[in-house]
Amino acid sequence: MKEKLLKSLPGIPVVIACIAAAAVAAWLMVTAASAGAAPEALSTPGPQGIPGLVIGAVLLAALAVFLLSGLYTMQPNQAAVVSLFGKYVGTVKDNGLRWNSPFYAKKRISQRIRNFESGKLKVNELDGSPIEIAAVIVWQVIDASEAVYNVDDYESFVHIQSESALRAMATSYPYDQHEEGQLALRSHATEISQHLKDELAERLADAGLQVIDARISHLAYAPEIAQAMLQRQQANAVIAARTRIVAGAVGMVQMALAELEKNGTVHLDEERKAQMVSNLLTVLCSERGAQPIVNTSSLY
């Protein structure tokens with residue numbers, strides 16, 4: 001079902017017409033009452049003009065009520081889905097006081113941008129580790145007719161499908177990046193958010209809903225493995241730091257030996273070079289400051 005626009009009449013002229021019809025009906029009733037109470041009317045069994053005046057007043061009053069029952073108001077970014085005896089007629093998007101046939105049933109749908117945060121879901125990521133994850137979803141109704149007729153409750157539909165899409169996305173990626181170029185939940189927020197948005201857009205398209213943004217708002221290991229995973233992360237950080245320190249120390253030792261040989265400051269054989277490399281690496285890679293020992297004798 002696709003949305004089709006339905007025109008509506010401005011409500012102010014209808015209100016004026018209702019007031020005029022009510023005023024005329026009241027005048028007719030007063031006229032009929034005055035004619036019935038006149039002395040000359042007492043001798044007449046039934047004046048011919050009084051029934052006509054009463055019928056006219058009743059018809060005008062009924063017309064005014066009929067017109068008033070077709071009035072309704074429309075707020076900005078709001079749509080009214082109109083149906084006639086269960087058949088979809090169209091969608092009204094005009095703002096202000098509007099009028100359509102009183103026989104039309106109207107269901108108002110807000111088309112403002114909405115957002116909500118899903119509950120914290122406990123799922124297993126790609127490597128099988130349990131994690132807690134939640135997301136903020138920003139969405140909007142773009143086809144009011146599909147939102148009303150294609151699903152039973154579009155707001156509940158959004159919440160349930162969002163949790164389902166979040167679960168499916170979380171099981172497709174690991175929590176941490178283990179290989180070069182691998183997408184991970186913790187390190188690739190932009191790519192993960194785009195995947196979640198595309199997953200939601202596919203699920204909500206048939207309900208006339210548009211996903212504007214979807215981002216992870218909470219991500220953590222489950223409490224039962226959080227301490228163990230924290231220790232693993234700390235170990236990985238220590239290994240990465242040590243690797244960088246060693247790489248830098250080796251580069252500094254190579255530079256020191258190259259400068260010594262280039263300037264001819266001192267000539268070292270292979271054994272002394274090895275000893276010097278060992279000493280320099282010990283100094284550079286140690287966590288604590290080295291205690292220098294001054295050697296006043298010959299190196300040999």
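**Figure 1. The hairpin of strands β8 and β9 contains a glycine with a positive phi.** Five residues lie between the two strands of this hairpin, and among the residues shown G128 takes a positive phi near 95°. Strand β8 covers residues 121-124 and pairs with β9 in the antiparallel sense over four bridges. V123 has I131 as its bridge partner in β9. The model is predicted: local features need pLDDT of at least 70 and side-chain atom pairs count only at pLDDT 80 or more, whereas totals for chains, interfaces and linings use all residues. Residues are numbered from 1 along each chain as its sequence is written, and side-chain values use heavy atoms, with hydrogens and water left out. Helices (H or I, at least four residues) and strands (E, at least two) are DSSP runs, numbered from the N terminus; two strands pair if DSSP finds at least two bridges between them.

**Figure 2. Strand β9 also pairs with β7 and with β10.** Strand β7, residues 114-117, runs antiparallel to β9 and is joined to β9 by four bridges. Within this pairing, F116 stands opposite I137 of β9. Strand β10, residues 209-221, is likewise antiparallel to β9, and eleven bridges link the two. Here A135 stands opposite I216 of β10. Ten of the twelve residues of β9 (residues 130-141) are buried (under 20% relative accessible area with a 1.4 Å probe, protein chains only; exposed is over 50%, and partly exposed lies in between). Strand β9 is therefore largely enclosed by the rest of the structure.

**Figure 3. Strands β4, β3 and β6 form an open sheet.** The order of the three strands is β4-β3-β6, and their pairing is antiparallel. Strands β4 (87-92) and β6 (105-110) stand at the edges with a single partner strand each, so one side of each is left without a neighbour in the sheet. Neighbouring strands of this sheet are turned by 25° against each other on average, direction ignored. Strand β3, residues 78-84, is joined to β4 by five bridges in the antiparallel sense, and the bridge partner of A80 is V92 in β4. Strands of a sheet pair through backbone hydrogen bonds, either parallel or antiparallel.

**Figure 4. Two residues in loops have a positive phi without being glycine.** Most residues other than glycine have a negative phi. N77 lies in the loop between β2 and β3, and the phi of N77 is near 55°. F85 lies in the loop between β3 and β4 and has a positive phi of about 55°. The relative accessibility of F85 is 73%, and F85 therefore counts as exposed.

**Figure 5. A second open sheet is formed by strands β1, β5 and β2.** These three strands are arranged in the order β1-β5-β2 with antiparallel pairing. The edge strands, β1 (9-10) and β2 (71-74), each pair on one side only. Strand β5, residues 96-99, runs antiparallel to β1, to which two bridges join β5. P10 stands opposite R98 of β5.

**Figure 6. Helices α5 and α6 pack against each other.** The axes of α5 (residues 154-170) and α6 (residues 189-204) are 9 Å apart and meet at an angle of about 135°. Axes are lines fitted to C-alpha atoms, for helices over the stretch in contact, and angles run from 0 to 180 degrees between N-to-C directions. Helix α5 is therefore oblique to α6, since under 35 degrees counts as roughly parallel, over 145 as roughly antiparallel, 65 to 115 as roughly perpendicular and the rest as oblique. Residues making the contact (heavy atoms within 4.5 Å) include F157, V158 and L166 of α5 and I192, L196 and L200 of α6. The residues of this contact divide into ten nonpolar (Ala, Val, Leu, Ile, Met, Phe, Trp, Tyr, Cys and Pro), two charged (Asp, Glu, Lys and Arg) and four polar (the others, Gly among them).

**Figure 7. A144 in helix α4 is buried.** A144 belongs to helix α4, residues 144-149, and has a relative accessible area of 0%. Leaving out residues up to four places away in sequence, A144 touches E3, A79, V81, T91, I109 and Q111. The C-alpha atoms of A144 and T91 are separated by 7.4 Å, although the two residues are 53 residues apart along the chain.
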